Amino acid sequence: MRDVSLRIDPGERVLLLGASGAGKSTLLQGLAGVLGGDEEGESAGALLIDGAPAAAARGRAGLVLQDPDAQVILARVGDDVAFGCENLGVPREEIWPRVHAALDAVRLDVGIDRPTHALSGGQKQRLALAGALAMRPGLLLLDEPTANLDPVGVADVRDAVGRVLDATGATLVVVEHRVDVWLPLVDRVIVLGADGLLADGPPQSVLGARGAELADAGVWVPGIPPAVPPPPAAGAGEGLLRARELTVARVRGVPVATGIDLEVRAGEVLAITGPNGAGKSTLGLTLAGLLHPASGELSASAPLAAGAAPAPIAWRSRELLTRIGTVFQDPEHQLLARSVRGELEVGPRALGMDEAACAARVDELLERLRLSALAAANPYTLSGGEKRRLTVAAVLATAPRVLVLDEPTFGQDARTWAELVALLARLRDDGSAIVAITHDEAVVDALHARRFALGAQAAA
């Protein structure tokens, strides 16, 4: 982000938009005073909170990060929400009423003694928001706060933020690709572009008068949907994975979903849907051969196993590479290399691919996923949307027959969303089997996916 000049007045409610990589998260972290010093990057100009440098005004702003795992501090839910208040020196007798009020506001009804490691990704997002609300900041900074939430959770979080703003008069800056969700709450839209501000003003004048222009730049604009691929030309092919009476658990002895019967078929997208905490990610990891089934059976077809054991959990990592590829819900959980190019080379090198073939495959993926300009960058410096595209590309580098993708469209702008969906459609049409764990109804529709819904009764 460069050459941005703006002023946000007390009490304003701002929706911050822009294409993936435009600098939205960087601006929020700067406002929160947590960007670090010169050793972590470069900066020019001034960034002030109440007239003082943002780094000197910590505590005035409450930040909810794009990655909720990065914000979990303590082992129990109640302690984690209380952590910020304790650091601000809030009197002890005020802290726990604030904790309970914040958990109620975001509707995280799991008990204050619940281990934080047992929460789903969506529940961790609510936890992070509760921790920020409990501090009662003058400036509330939210980075994709509803990205991994089910539709009910999206409305709950938006309404909770609205109630807090009404009660406290706090200033809001929210980064979110679900524009229509936040429009009832905001009074200003700021759009970042590669060379500074693209637009700034009331929502109607920005999104109405300049909607087509902004959509071309990758901004999600209500009423201007991105292009979607045509339906599959052929029906689903052979079954590659089969689950019978499957029970899945991330913690031994604590099942999160039971009685699962499903088949993963070549040339088809299977969308696993359901509320937060229902066990979707756990089921995905089990299908991918990364978690032991708690009970029941998960087996691979003979063509998929191709000489390996029938159960994917018994496969070695090298055997998984060309059979089942997995994209985790949190991209940072699978980053291994020091550069984007190096990340894409990990799988092909593990398979013993020669240098020329490896380079050709990596170059193709960099181009297809709009990552060529970032080939030399450290993966951890990428935006959330760029990290997601990188992890998808890294899985595609070994051409597995089955793809298990957890929230594959997380953090994407309208342009990269459409490109990613088109890529998945081509893989489907080429005979790959795709399992997509998602709350994104648009991607379910765009890929003509077969839906497998895990119910609320399975939630833990």
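Biologist: Which residue follows H2 with a positive phi?

Modeller: Bear in mind this is a predicted model, where local features need pLDDT of at least 70 and side-chain atom pairs count only at pLDDT 80 or more, while totals for chains, interfaces and linings use all residues. Residues are numbered from 1 along each chain as its sequence is written, and side-chain values use heavy atoms, leaving out hydrogens and water. Helices (H or I, at least four residues) and strands (E, at least two) are DSSP runs numbered from the N terminus. After H2, phi is near 75° at Gly89.

Biologist: Which helices help cover the buried residues of H2?

Modeller: Buried means under 20% relative accessible area, exposed over 50% and partly exposed in between (1.4 Å probe, protein chains only). In H2 (residues 77-87), the buried set is Val77, Gly78, Asp80, Val81, Ala82, Gly84 and Cys85. Contact means heavy atoms within 4.5 Å, and the cover includes helix H3 (92-106) and helix H4 (121-134).

Biologist: Is Glu407 buried or exposed?

Modeller: Glu407 isn't a glycine, yet its phi is positive at about 55°. You'll find Glu407 in the loop between strand E14 (402-406) and helix H15 (414-429). Its relative accessibility is 3%, so Glu407 counts as buried.

Biologist: And Asp3, buried or exposed?

Modeller: Asp3 is another non-glycine residue with positive phi, near 55°. Asp3 sits in the segment before strand E1 (13-18). With 68% relative accessibility, Asp3 counts as exposed.

Biologist: Which strands stand at the edges of the open sheet?

Modeller: Two strands pair if DSSP finds at least two bridges between them. The sheet has 6 strands with mixed pairing, in the order E4-E5-E6-E1-E7-E8. A single partner strand leaves one side without a neighbour in the sheet, so the edges are strand E4 (61-64) and strand E8 (196-201).

Biologist: What angle does H1 make with E5?

Modeller: Strand E5 (residues 139-143) runs parallel to E4, joined by 4 bridges, and Gly62 stands opposite Leu140 in E5. Helix H1 (residues 24-31) packs on the sheet and touches E1, E4, E5, strand E6 (171-175) and strand E7 (188-193). Axes are lines fitted to C-alpha atoms, for helices over the stretch in contact, with angles from 0 to 180 degrees between N-to-C directions. For H1 against E5, that gives about 150°.

Biologist: How many residues apart are Glu268 and Arg450?

Modeller: A salt bridge puts a side-chain nitrogen of Lys or Arg within 4 Å of a carboxyl oxygen of Asp or Glu, and the side chains of Glu268 and Arg450 meet in one at 2.9 Å, N to O. This pair links distant parts of the chain, with Glu268 in strand E11 (residues 268-273) and Arg450 in strand E16 (residues 450-453), at a separation of 182 residues.

Biologist: Which elements hold Arg451 and Glu441?

Modeller: Arg451 and Glu441 form a salt bridge, with the closest N and O atoms 2.9 Å apart. The pair ties together parts 10 residues apart in sequence, because Arg451 and Glu441 lie respectively in strand E16 and helix H16 (residues 441-446).

Biologist: How is Lys387 classed, buried or exposed?

Modeller: Lys387 makes a salt bridge with Glu332 at 2.3 Å, N to O. Lys387 belongs to helix H14 (residues 384-396), while Glu332 is in the loop between strand E13 (324-327) and helix H12 (340-350). The relative accessible area of Lys387 is 10%, so the class is buried.
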